[in-house]
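Visitor: Please take me through one part of this structure in detail. I would like to look closely at the sheet, and then at what lies around it.

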Amino acid sequence: MPRCWSSWSPGRRACSARRRGAVRDRLSPLLLTLGALALGLYAVGYATPYGLRVLTVAGVYALATFGFQIVFGLGGALSLAQGAFFGLGAYTTGLLATQMGWGFALTFPLSLLVPLLAALLVGLPVLRLESHYFALATLGVAQVLLLLAVNLPGLTGGANGIPGVPGVVLFGWPVGRGLPMALLVWGAVAAGGVIAWSLARGRFGRSLTLLRDDPLAAATLGLDVGRLRLAAFAMSALFAGAAGALAVHTQRVVSPEVLEFPVMVTILTIAVVGGRGRMAGAVLGAVLLIHLPEWFRALERSYLIVYGGALLAAIVLAPEGLTGLLDRLAGRPRVRLPGRPAEPAEQPGLVPNRSALQVDGLSKRFGGVLAVDGLSFPLEPGTITGLIGPNGSGKTTAINLISGLERPDAGSVRLGGRELAGQRPDRIAAAGLARTFQAGSLPEGATVLQAVAAARLTLDRSVEQAEATAHRILDRLGIAGHAASPCAGLPAALRRRVDLARALARRPAVLLLDEPAAGLTDGEKAELAALLRGVAAEGTALLVVEHDMGFLLPLAGHVLCLDQGRLLYAGPPEGVRRDPAVVAAYLGTGRRGGQA
Ligand SMILES: Nc1ncnc2c1ncn2[C@@H]1O[C@H](COP(=O)(O)OP(=O)(O)OP(=O)(O)O)[C@@H](O)[C@H]1O
């Protein structure tokens with residue numbers, strides 16, 4: 001293995017990700033064209049054979065980082081298997097080319113397929129793990145592959161690897177070292193970049209960022225979290241495999257170094273320095289990070305100190321990455337809004353299912369606490385039901401059970417005759433149920449428009465259509481003026497309203513609201529009440545958890561009161577204040593939350 005391979009694995013400074021940007025590859029085409037031209041000019045006119053080799057390796061890393069930007073940058077899963085998939089692609093090409101004598105046309109697709117299959121195999125069990133366990137598990141996969149490569153000398157050549165890998169022959173044309181190989185690799189970078197960029201900007205990328213920024217809400221907005229994660233992991237393996245294959249043809253040798261941790265650290269550093277989730281950042285980061293050691297080589301012993309300092313400076317000065325810094329300097333707007341709210345035509349959604357929701361015998365125990373105890377009630381289409389009770393009486397747990405965030409121990413939840421109890425939240429959402437969260441759960445890295453459009457990703461055909469629908473809903477709620485505002489830092493009342501807009505965007509048959517009036521002024525409460533009446537009038541069944549009796553009792557047609565998980569009262573709102581059990585447990589002393 002040439003010495004430059006390991007020295008091209010520079011960063012050992014795994015950096016923590018910082019600001020989570022929304023999907024926003026906004027470097028202008030002009031800037032990208034200028035960059036491509038500059039690289040082309042350098043390659044054709046100025047680069048030495050060694051310089052061309054470094055440039056080729058930079059392209060290889062850019063390709064591998066595209067995949068990492070998908071799984072880590074967009075999906076937020078710190079996969080430490082990207083280096084392993086890279087090595088797997090490299091070994092597949094090395095083995096098939098030297099031992100079977102197969103050409104590039106066969107070895108290249110197989111070098112994508114093998115890491116893909118490995119990702120599917122490994123992903124199914126490990127993707128369920130929490131973030132740091134997931135990182136460790138993927139690191140374990142990389143270590144196992146490295147051990148296999150070193151300890152199976154009969155197959156892999158052991159520590160010495162496999163020499164004599166032939167160059168690429170493309171349509172009968174042998175791609176020579178130097179400029180031809182650089183052109184091939186950078187052609188692959190261009191093609192891979194377009195694919196990765198399209199994925200990032202489309203529904204897949206948006207779904208991944210929602211999953212990264214707001215995993216709880218993602219499932220209740222209809223996203224199949226498991227499938228999405230697996231798809232991102234598989235996609236990352238495809239890019240890594242392609243990069244590994246091209247790396248072997250560049251080096252003409254494959255050794256265990258391609259499976260070692262520095263390769264993974266380099267990919268991670270490129271992603272963070274270039275800009276997390278940004279495909280342009282993968283290219284910029286790769287070109288910069290792979291060339292930096294060459295530029296600092298003259299410094300000899302102090303090279304690593306200067307290199308580390310440069311990396312730290314880049315991360316401190318541009319925590320959003322170099323592409324984010326360029327965006328900031330260019331001062332481009334963060335989002336392009338739909339010109340005006342689209343026509344108020346009927347949107348495809350879930351509304352046709354105007355069926356009643358029937359809850360029967362729902363129960364849930366957390367250790368010694370019986371949070372919900374045999375709860376039964378109906379929610380009729382077009383009605384508003386209030387759910388009240390002291391703090392800790394089980395209201396939020398009931399909503400979590402109905403929406404699938406918790407699995408009930410017993411009981412049934414039927415919508416239109418279909419059993420939903422115990423099903424995944426995305427399946428329940430797809431059946432026509434939407435909910436809001438007490439704290440107004442929102443993806444912090446997204447804008448208000450993107451957050452609401454996320455609710456339409458599984459319903460509309462494109463991101464543009466989802467955003468047009470979202471804009472219309474925001475307009476209906478009187479907050480279209482905030483469409484371009486980042487969700488991070490929104491006042492609590494506005495957060496709740498955006499959360500409500502998101503739930504309404506799905507046009508659900510059943511809507512569960514967790515304390516929607518908390519923190520609102522009297523005027524805002526009146527507006528909210530009018531809005532909810534309007535939603536009910538369209539046929540949606542509403543369940544409103546609320547402590548504010550002044551808001552709820554005039555709004556609800558029917559009220560349920562819980563105490564210690566059990567139904568204490570079910571009847572008209574007028575009866576609530578007169579019911580001795582409700583007064584004793586909740587309203588009488590006001591000791592546990594009820595506001596008159
Ligand atoms: N994940 C959990 N693990 C353990 N206990 C839980 C969990 N979730 C809820 N509980 C317990 O279940 C009971 C009901 O809680 P829940 O949050 O549903 O009440 P609530 O009526 O919504 O309260 P609040 O009005 O304060 O929101 C409480 O005793 C709570 O501590």
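Guide: In this predicted model, 4 strands make an open sheet, ordered β6-β5-β8-β9. Their pairing is antiparallel. Look at the edges: β6 (369–379) and β9 (418–419) each have a single partner strand, so one side of each is left without a neighbour in the sheet. Strand β5, residues 357–366, runs antiparallel to β6 and is joined to it by 7 bridges. One pairing to pick out is Val 359, whose bridge partner in β6 is Phe 377.

Now the ligand. β6 supplies at least two residues of the shell around it, and so does α16 (395–403). The top contributor is α16, with 3 residues. The ligand has 12 residues around it. Those that come nearest are Phe 366, Ala 371, Asn 391, Thr 396 and Thr 397. By class, the shell has 8 polar, 3 nonpolar and 1 charged residues.

Next, the domains. The assignment for the protein chain gives domain 1 as 3–330, domain 2 as 357–442 + 490–587, and domain 3 as 446–489. Between the C-alpha centres of domain 1 and domain 2 there are 46 Å. These two domains do touch: 10 residues of domain 1 are in contact with 11 residues of domain 2. On the domain 1 side, helix α10 (residues 215–220) gives the largest share, 4 residues. That side of domain 1 has 6 nonpolar, 2 polar and 2 charged residues.

Note on methods. Residues numbered from 1 in each chain as written. Predicted model: local features only at pLDDT ≥ 70, side-chain atom pairs only at ≥ 80, totals over all residues. Pairing = 2+ DSSP bridges. Near = placed C-beta within 6 Å. Nonpolar A, V, L, I, M, F, W, Y, C, P; charged D, E, K, R; others polar. Domains from an automatic or database assignment. Contact = placed C-beta atoms within 7 Å.
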